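Trainee: Hi, have you got a minute to walk me through a model?
Mentor: Sure, put it up on the screen and we'll go through it together.
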Amino acid sequence: IELIDNYRKTGDQNNKTALPSVCYMGVCSKTRAAANMQPTQAIMLDVDHVEDVLTAYCDIQLKVGKEWWVDNVLIAHITPSGKGLRLVVWAQKEFGNSVIDQIKGLATKFDLYKYGKVDEPCKDFSRLSFLFKADELLYESAQLYTVSAPQPDGVLTNNNHSEISEENSQD
């Protein structure tokens, strides 16, 4: 908590990069290089510079509906900056064959562009997510704990590190 508070006060990136992190979109057996990553079928969406994170979060839930939310959203939380919203969701067949298309499609579905800047560098399976304050966890699904191992029959494959197969996609 102290590192996050210091990061928010000073903007010093050393406080942020010293935080523990997790990789929602991929797992690896060696190094965290993109070539070694196996996709987990999760897509991470970051929205930066959000004026009112809680309003954005509630609006997004209402927009997609409870059933879709429960079936597809793994975690939602305020980012360490305190001015961002992070959502991790299952990849969706309807949004094409690349992680960046997934990000753009989901960002449009959630209408994220109206809340802030959607962080497209999340397109890499090896992208880390710095941990957050416990009281800034907005939503957590039990499905989150199924992303710890690669899903061989899932939507995303490691071909080109951004491909999506036709089989077993989430709708």
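Mentor: We'll start with the overall fold and then go into the sheet, the core and a few single residues.

Trainee: Sounds good. How many helices and strands does the protein have?
Mentor: There are five helices and nine strands. Keep in mind that this is a predicted model.

Trainee: What pattern do they follow along the sequence?
Mentor: From start to end it reads α-α-β-β-β-β-α-α-β-β-α-β-β-β.

Trainee: And how much of the protein counts as buried?
Mentor: 45% of its 171 residues. For contacts with a separation of 6 or more, 70% are between residues 24 or more positions apart.

Trainee: Let's do the sheet. What's the strand order?
Mentor: It is an open sheet of five strands, ordered β7-β4-β6-β5-β9, with antiparallel pairing. β7 and β9 are the edge strands with a single partner each, so one side of each has no neighbour in the sheet.

Trainee: Which strands does β4 pair with, and over how many bridges?
Mentor: β4 pairs with β6 over six bridges, and with β7 over two. Both pairings are antiparallel. If you want landmarks, Ala42 sits opposite Trp90 in β6, and Val47 sits opposite Val118 in β7.

Trainee: Is β4 mostly covered or mostly open?
Mentor: Mostly covered, with six of its seven residues buried.

Trainee: What about the β9 end? How many bridges hold it to β5?
Mentor: Three bridges, again with the strands running antiparallel. One of the pairs to look at is Ala76 with Tyr139 in β9.

Trainee: While we're on β5, is Ile78 buried or exposed?
Mentor: Ile78 lies in β5, and its relative accessible area is 11%, so it counts as buried. Beyond its sequence neighbours within four places, Ile78 is in contact with Arg8, Val53, Gly84, Phe132, Glu136 and Leu138.

Trainee: How far is Ile78 from Lys133?
Mentor: Their C-alpha atoms are 8.1 Å apart, with their positions 55 residues apart in sequence.

Trainee: Switching to helices. How does the length of α5 check out?
Mentor: α5 covers residues 99-110, which is twelve residues. At 1.5 Å a residue the helix should span 16 Å, and its end C-alpha atoms are indeed 16 Å apart, so the two agree. Just after α5 comes Asp111, which has a positive phi near 60°.

Trainee: Which residues of α5 are buried?
Mentor: Val99, Gln102, Ile103, Gly105, Leu106, Ala107 and Phe110.

Trainee: And what covers them?
Mentor: The cover includes β4, α3, α4, β6 and β7.

Trainee: Is there a nonpolar core tied to that? Which residues have the most contacts in it?
Mentor: The largest nonpolar core has 42 residues, and Ile43, Leu45, Trp69, Leu87, Phe110 and Leu112 have the most contacts inside it. At least two residues of this core come from each of β4, α3, α4, β5, β6 and α5.

Trainee: Take Ile43 then. What is it in contact with?
Mentor: Setting aside neighbours within four places in sequence, the contacts of Ile43 include Val99, Gln102, Ile103 and Leu106, which are among the buried residues of α5. Ile43 is also in contact with Leu87, Val88 and Val89, among others.

Trainee: New topic: cysteines. How many disulfides are there?
Mentor: Zero. Cys23 has a relative accessible area of 18%, so it counts as buried, whereas Cys58 is partly exposed at 39%.

Trainee: Where is Cys23, and what is around it?
Mentor: Cys23 is in the loop between β1 and β2. Leaving out neighbours within four places, Cys23 is in contact with Met37, Phe125, Ser126, Arg127 and Leu128.

Trainee: Arg127 again? What polar contact does its side chain make with Asp119?
Mentor: The two side chains make a polar contact at 3.1 Å. Asp119 is in the loop between β7 and β8.

Trainee: Last one: is Asp119 buried or exposed?
Mentor: Buried, with a relative accessible area of 9%. Apart from neighbours within four places in sequence, Asp119 is in contact with Asp46, Asp48 and Arg127.

How values were computed:
Residues are numbered from 1 along each chain as its sequence is written. This is a predicted model: local features need pLDDT of at least 70, side-chain atom pairs count only at pLDDT 80 or more; totals for chains, interfaces and linings use all residues. Side-chain values use heavy atoms; hydrogens and water are left out. Helices (H or I, at least four residues) and strands (E, at least two) are DSSP runs, numbered from the N terminus. The expected span of a helix is 1.5 Å times one less than its number of residues. Buried means under 20% relative accessible area, exposed over 50%, partly exposed in between (1.4 Å probe, protein chains only). Contact means heavy atoms within 4.5 Å. A nonpolar core is a set of buried Ala, Val, Leu, Ile, Met, Phe, Trp, Tyr and Cys residues joined through side-chain atoms within 4.5 Å. Two strands pair if DSSP finds at least two bridges between them. A disulfide is a pair of cysteine sulfur atoms within 2.5 Å. A polar contact is a pair of N or O atoms within 3.5 Å; within protein, one must be able to donate a hydrogen and the other to accept it, and residues adjacent in sequence count only if both atoms are side-chain atoms.
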